[in-house]
Amino acid sequence: MAEILLEMRNITKLFPGVKALDDVNLKVKKGSIHALVGENGAGKSTLMNVLSGIYPYGSYTGDILYDGEECRFSTIKDSESKGIVIIHQELALIPYMTIGENMFLGNERGKPWAIDWGTTYGEAARYLKMVGLDEPARTLIKDIGVGKQQLVEIAKALSKHARLLILDEPTSSLNESDSKALLDLLKRLKEDGLTSIIISHKLNEVSYVADDITVIRDGHTIETLVKGVDDISEERIIKGMVGREINDRFPKRHGVKIGDVAMEVENWTVHHPLYTERLVCDNVSMNVRKGEVVGISGLMGAGRTELAMSIFGHSYGTGITGTLKIHGKEVKLHNERQAIEHGLAYVTEDRKGNGLILSNPIRTNTTLANLKGVSNRGIIDPDKEYAVSEEYRQKLNTKSTGVEQMVGNLSGGNQQKVLLAKWMFADPDILILDEPTRGIDVGAKYEIYNIINDLAAAGKSVIMISSELPEILGMSDRIYVMNEGKMVGEFKGSEATQEGIMSCILRSSND
């Protein structure tokens with residue numbers, strides 16, 4: 001029988017008005033990769049925050065046994081001293097510091113009054129080599145992509161002599177090739193004796209990498225599935241997560257009526273805001289019709305987000321040229337306000353950083369993009385604001401204690417619903433959804449897909465950017481493919497395949 005490295009017994013954690021964890025149990029074998037899955041709000045991250053000391057001993061009940069010893073962590077430093085290191089979904093790296101500086105921040109090499117930079121960068125290079133990252137340790141974080149930043153976080157964890165590595169949604173911002181590379185790295189580190197706990201909503205990745213899978217639902221441990229013994233197919237995992245089978249991951253739209261062109265972009269060119277000689281969108285042309293869902297696919301860095309933001313009132317980029325037509329009429333949108341006034345909405349991929357005010361309640365976040373809709377003579381009517389936010393809370397089935405709950409206390413899926421509600425209340429004609437289901441569970445995804453279909457059925461035009469090919473294929477009437485800032489392909493949704501899209505990208509890279 002495999003040796004148990006970690007055991008969490010009868011963990012219960014209360015927050016005001018909610019029991020986040022209720023008698024949860026978890027056993028992790030030494031030298032294994034253990035996946036933790038469940039819907040948003042199930043308690044996965046809370047459990048890992050208990051383990052890592054973010055929620056200190058005394059703020060929960062239950063026991064933590066690590067390497068046979070009972071542990072009572074008061075801070076994250078306490079857990080790190082035992083070799084337990086957590087990497088959060090939002091990477092904790094400082095853009096204008098070097099890789100080496102980030103890796104040893106708070107754990108500096110040298111003396112308190114004099115950092116040994118030779119040792120710092122020498123050790124950093126050694127750990128970067130261990131994770132397969134071929135970048136100089138003196139490179140600034142801002143100059144490397146998200147996939148490489150994730151590897152820096154793992155190298156940083158290894159520099160702390162990690163024995164148990166916790167990764168919360170490590171591939172949520174990565175494309176398929178970078179995700180595969182990261183999962184293969186975890187497998188290699190397992191061979192060297194590292195134990196990992198991975199939280200992920202990407203169930204195909206869970207099936208690929210995990211030795212054991214523990215399912216948590218509504219703060220309770222449901223079951224642990226073992227590879228080679230139990231069925232660990234996506235369908236089986238979903239059944240444990242949601243308590244029922246979901247036979248069709250992408251709901252069908254019925255009676256689809258696609259109308260005239262609502263928005264058209266012609267020869268759209270955008271330069272990087274800092275490196276102004278660099279093109280991020282190169283002579284791009286596309287359109288979307290009323291009642292249509294248009295997907296934009298491409299690898300990370302293809303220019304999809306840059307295209308969307310530059311269209312939405314030039315909120316990204318410099319030296320923007322090209323023609324933008326809305327309902328057949330050329331318009332020039334120089335800021336976000338003008339974009340909103342012309343019926344555009346942009347649902348950002350960064351809901352926590354740019355989409356929502358986490359310290360504010362659902363009520364104010366819902367009405368933020370259309371304050372006129374809840375105002376009388378320029379003064380906000382609190383009763384109107386409450387009624388509108390409650391209407392959208394119910395319409396989108398947002399799980400919360402009420403519209404006064406702070407958005408920062410909601411799960412990722414429910415935060416995404418508030419972000420959608422904000423733009424739906426603005427009543428746009430054209431919605432650009434940038435990674436609308438990133439980091440949310442399969443049940444919440446299905447609800448978001450239904451919302452998208454309802455918007456299209458109401459005659460709205462939807463542009464959906466997604467790094468998940470199955471999502472693009474399952475939801476789109478038409479698909480554009482971007483690569484290296486250019487539109488390199490277009491498919492009817494009914495004719496598109498993963499192989500066709502990837503072939504299109506690869507061919508354009510070789511041109």
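A residue is called buried when its relative accessible area is under 20%, and in this predicted model phenylalanine 425 meets that description, because its relative accessible area is 13%. Tyrosine 392 is likewise buried, with a relative accessible area of 10%.

The surroundings of aromatic rings were then examined across the whole structure, and the search returned 7 aromatic pairs. In one of these, the rings of tyrosine 57 and tyrosine 60 have centres that lie 6.1 Å apart, and since their planes meet at 85 degrees, the pair is classed as edge-to-face. The two partners are not given the same label for accessibility: tyrosine 57 is partly exposed, at a relative accessible area of 38%, whereas tyrosine 60 counts as buried, at 5%.

Tyrosine 392 and phenylalanine 425 also form an edge-to-face pair, because the planes of their rings stand at 70 degrees, with 6.1 Å between the ring centres. Tyrosine 392 belongs to helix 13 (residues 382-395), while phenylalanine 425 belongs to helix 14 (residues 412-425), so this pair ties together parts that are 33 residues apart in sequence. Elsewhere, Phe312, Tyr346 and Trp423 are linked by ring pairs into a cluster.

Contacts between charged groups and rings were also found. The charged end of lysine 13 is placed over the ring of tyrosine 55, at 4.7 Å from the ring centre, and arginine 126 lies over the face of tyrosine 127, where the distance to the ring centre is 4.7 Å.

Key:
Residues are numbered from 1 along each chain as its sequence is written. This is a predicted model: local features need pLDDT of at least 70, side-chain atom pairs count only at pLDDT 80 or more; totals for chains, interfaces and linings use all residues. Side-chain values use heavy atoms; hydrogens and water are left out. Rings of Phe, Tyr and Trp (its six-membered ring) pair if their centres lie within 6.5 Å; planes under 30 degrees apart count as stacked, over 60 as edge-to-face and the rest as tilted. Buried means under 20% relative accessible area, exposed over 50%, partly exposed in between (1.4 Å probe, protein chains only). Helices (H or I, at least four residues) and strands (E, at least two) are DSSP runs, numbered from the N terminus. A charge sits over a ring if NZ of Lys or CZ of Arg is within 6 Å of the ring centre and within 35 degrees of the ring normal.
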